[in-house]
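Open the model in your viewer and keep the sequence panel visible. We will move from one selection to the next.

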Amino acid sequence: MNNKGFTLVELLAVIVILAIIVSIAVPSTISISRKIKGNLFCEKVNSIVNAASLYGEDYKETFGDKNYYINNQTCVDKKGKQYTVEGGSFNAQEIKVIDLLNKGYLKKEKAEEGNVVDPRTNENMEQDKIVVYEKYGRIYVHFGDLYGNESSRESEANQCITTSECH
């Protein structure tokens, strides 16, 4: 008799081991992929903010016709001490990402969905609103409109912005 094959128990053991490995690897891979896409989104947001800041420096003379109101903010310094940043009404302009593309402040991407795409969802970001405002001689950028309204993506974008009044 020739016993060169595997028994049913051996095959089942291998299948169980492979199932355990897959059940560990797949969620980890999905989590890593989500984290990478989130980081790419924040990098894209910060490049949009940099472009909007340059735009704001060039066009701050046109900000006089509209104001942007900011509430007082409680911030925390590097030592953990809280302090208040005074709010107020500041000269501002509302633009869209497409405006930055059209004026050459932002580089177009090669994507089927649009020129600026959210890497997490592949949705077009060209119509996302941005408020560019001048506060005490410095240009700041906030995603949303002049009235404080913001979409969920614009709200997520604001969480990515590395420069704010609190720093």
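**Stop one: a hairpin**

Select Gln73 and look across to β3, where its bridge partner is Val85. Strands (DSSP runs of E, at least two residues) and helices (DSSP runs of H or I, at least four residues) are numbered from the N terminus. Two strands pair if DSSP finds at least two bridges between them. Now select residues 73-76, strand β2, and residues 82-85, strand β3: they pair in the antiparallel sense over four bridges. The two strands form a hairpin with five residues between them. Click Gly80 in the turn; it has a positive phi of about 90°.

A word on the model: it is predicted, so local features need pLDDT of at least 70 and side-chain atom pairs pLDDT 80 or more, while totals for chains, interfaces and linings use all residues. Residues are numbered from 1 along each chain as its sequence is written, and side-chain values use heavy atoms, with hydrogens and water left out.

**Stop two: the sheet**

Strands of a sheet pair through backbone hydrogen bonds, either parallel or antiparallel. Here, find the open sheet of four strands, in the order β1-β4-β5-β6, with antiparallel pairing. Its edge strands are β1 (66-70) and β6, and each pairs on one side only. From one strand to the next, the twist averages 40°. Five bridges join β1 to β4. Select Tyr68 to see one partner: Phe90 in β4.

**Stop three: the helix α1**

Select residues 8-59. What length should 52 residues of helix α1 span? The expected span is 1.5 Å times one less than the number of residues. That gives 76 Å, and the end C-alpha atoms are 75 Å apart, which agrees. Next, see how α1 lies across β4, β5 and β6 (contact means heavy atoms within 4.5 Å). It runs at about 135° to β6, with axes fitted to C-alpha atoms, for helices over the stretch in contact, and angles from 0 to 180 degrees between N-to-C directions.

Colour the buried residues of α1 (under 20% relative accessible area, 1.4 Å probe, protein chains only). Among them are Phe41, Val45, Ile48 and Tyr55. Their cover includes β4, α2, β5, β6 and α3.

**Stop four: Asn158**

Select Asn158 in helix α3 (residues 152-160). Is Asn158 buried or exposed? It is buried, with a relative accessible area of 17%. A polar atom of its side chain lies 2.8 Å from the backbone nitrogen of Phe143.

Note on methods:
Buried means under 20% relative accessible area, exposed over 50%, partly exposed in between (1.4 Å probe, protein chains only). A polar contact is a pair of N or O atoms within 3.5 Å; within protein, one must be able to donate a hydrogen and the other to accept it, and residues adjacent in sequence count only if both atoms are side-chain atoms.
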